[in-house]
Structures are given as C-alpha cells and as structure tokens.
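Here is a short briefing to read with the structure open beside you. Take the topics in any order you like.

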Amino acid sequence: MTPERDPIEPDTKDWTWVLSHPCPDCGFDPETVHHTDVAEAIRTDAAQWVPRLARADARERPRPTVWSTLEYGCHIRDVHRIFNHRVRLMLDEHEPLFPNWDQDATALADNYGAQDPAAVANELVDAAKTVADTYTSVPVDAWSRRGLRSNGSEFTIASIAVYHLHDIVHHAHDVDHG
C-alpha cells in the first residue's frame, strides 16, 4: 500500500513555444536539434531512466507537490506511447485531430506512485524503442505531414519530434536537478 499523495497542480501551460525559443528551465534549445536526430536522443534518454528508476528513493517525492522519479518515469513512458500514436496518425491519415490526453488524470487513474519501478523502467525503454523506430521509419517526404491538437496547435512530424524531445529532456532535468 502506498501513502496518500498530495495532488499535483495540473499543468495547463501551452508548451508549444519551446519549438521556437530555448526553455529557460531545462536549457533545451530547439535550434540545436534536427528532427532526424530525435530517435537516437530518445533511445539515449530511455537508457538513463533505468538507473534513475532503480534508485532506492525512486518512489519518494522531493516535495509533496512534485512527482517522484517513479511518477515522472510513468509519465515519460506514457509520453512515448502518446507521441508514437500521434506520429502514426500523421503517417496514416490526412491532417488528423489528435485525441485529447490529460496527463494529470492519467497519473491519478493509473496510480503512478504505486507502480513497480522495475516494470516501469522496462516499459519506458520498450515505449522509447517503439517511438524511436517510428521516427526512424518516417519517409523523407513525410516529415512535413501535419496533425492538429484540439486546441488548434498544428504540428508536422518534424515539429512534433522536437516537441516530444523537449518533454523528455525537461522531465529528466526535473528529476536530476529538481
């Protein structure tokens, strides 16, 4: 049984600005990333989550309202799954509308803090491999295919790859420096 956790304040920010400006929190600079390099960066990042999730304190929150390493690991696993689905939609459909994903509701519904860190590490690596393979398989002429979020934000496969990479870089920074 896991202890009760304080609620995390939902993140309601529109992070799409990270596609055109460096992130002051984690240092990610989209100008330094080429979309074709994202797959390898995802694989590298996933390998770094294995020792993070093996730490004895992986379940502990640094502060009551900040996710634990385990909770961040669950989120990153799910981010890989969501982005894989979105890229696949862009490859298979003309300008698809992405289904909404409430990351905070998912964290609660899936009880991130009670999951097994070793299983999460394996699932995260598998999800990262799957989405990295998807990015690697994007035909040269398909990187400009578009998809839309329900709020109207437009992505190409190239821009969603960079956006995806920021998400995982940012959360690794949260865990490692946070």
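**Histidine 80 and its helix**

Histidine 80 has a relative accessibility of 0%, so it counts as buried. Please keep in mind that this is a predicted model. The residue belongs to helix H2, and the points below start from there before moving on to the whole chain, the aromatic residues and a few loop positions.

- Which residues does histidine 80 touch, leaving aside its neighbours within four places in sequence? The contacts are Ile42, Leu124, Ala127, Ala128, Val131, His164 and Ile168.
- Two of these partners can be placed on helices by their numbers: Ile42 falls within H1, which covers 38–54, and Leu124 falls within H4, which covers 117–136.
- Helix H2 itself runs over residues 69–92, 24 residues in total.
- From its first C-alpha to its last, H2 reaches 34 Å, close to the 34 Å expected at 1.5 Å a residue.
- Is H2 largely enclosed or largely open? Of its 24 residues, 19 are buried, so H2 is largely enclosed by the rest of the structure.
- A general reminder for reading any such helix: an α-helix has 3.6 residues a turn, so residues three or four places apart point the same way.

**The chain as a whole**

- The chain contains five helices and two strands, and their order along the sequence is α-α-α-α-β-β-α.
- Its radius of gyration is 16 Å, close to the 16 Å that the globule rule gives for 178 residues, so the chain is as compact as a globular protein of that length.
- Along the principal axes, the C-alpha atoms fill a box of roughly 50 × 30 × 30 Å.
- Buried residues make up 45% of the 178 in the chain.
- Among contacts with a separation of 6 or more, 74% join residues 24 or more positions apart.
- About 9300 Å² of the chain is exposed, and carbon and sulfur atoms supply 53% of that area.

**Aromatic residues**

- How many aromatic pairs does the structure hold? There are five.
- One of them joins tryptophan 67 and tyrosine 72: the ring centres are 5.4 Å apart and the planes stand at 80°, so the pair is edge-to-face.
- Tryptophan 67 also pairs with tyrosine 112, with ring centres 5.9 Å apart and planes at 65°, so this pair is edge-to-face as well.
- The pair of tryptophan 67 and tyrosine 112 links distant parts of the chain, 45 residues apart. Tryptophan 67 is in the loop between H1 and H2, while tyrosine 112 is in the loop between helix H3 (103–109) and H4.
- Taken together, Trp67, Tyr72 and Tyr112 form one aromatic cluster.
- Tryptophan 67 has a relative accessibility of 8%, so it counts as buried. Tyrosine 72 is buried too, and tyrosine 112 is buried with a relative accessible area of 1%.
- Elsewhere, the charged end of arginine 52 sits over the ring of tryptophan 49, 4.7 Å from the ring centre.

**Loop positions with positive phi**

- Glutamate 95, in the loop between H2 and H3, has a phi near 45°, a positive value in a residue other than glycine. This glutamate is partly exposed, with a relative accessible area of 31%.
- Asparagine 111 lies in the loop between H3 and H4. Its phi is positive, about 50°, although the residue is not a glycine. At 41% relative accessibility, asparagine 111 counts as partly exposed.

**Two more partly exposed residues**

- Where is serine 150? This serine lies in the loop between strand S1 (146–148) and strand S2 (154–156).
- Serine 150 is partly exposed at 48% relative accessibility. Leaving aside neighbours within four places in sequence, its contacts are Leu97, Phe98 and Asn100.
- Serine 150 and valine 79 are 71 residues apart in sequence, and their C-alpha atoms are 17 Å apart in space.
- Threonine 44, in helix H1, is partly exposed with a relative accessible area of 39%.
- Threonine 44 and valine 125 are 81 residues apart along the chain, and 9.7 Å separates their C-alpha atoms.

Definitions and conventions. Residues numbered from 1 in each chain as written. Predicted model: local features only at pLDDT ≥ 70, side-chain atom pairs only at ≥ 80, totals over all residues. Heavy atoms only, no water. Helix = DSSP H or I, 4+ residues; strand = E, 2+ residues; numbered from the N terminus. Expected span 1.5 Å × (residues − 1). Buried < 20%, exposed > 50% of the residue type's maximum accessible area, 1.4 Å probe, protein only. Phe/Tyr/Trp six-rings, centres within 6.5 Å; stacked < 30°, edge-to-face > 60°. Lys NZ or Arg CZ within 6 Å of the ring centre and 35° of its normal. Contact = heavy atoms within 4.5 Å. Rg over C-alpha atoms; globule rule 2.2 N^0.38 Å. Areas by Shrake-Rupley, 256 points an atom, 1.4 Å probe, with all protein chains shown as cover.
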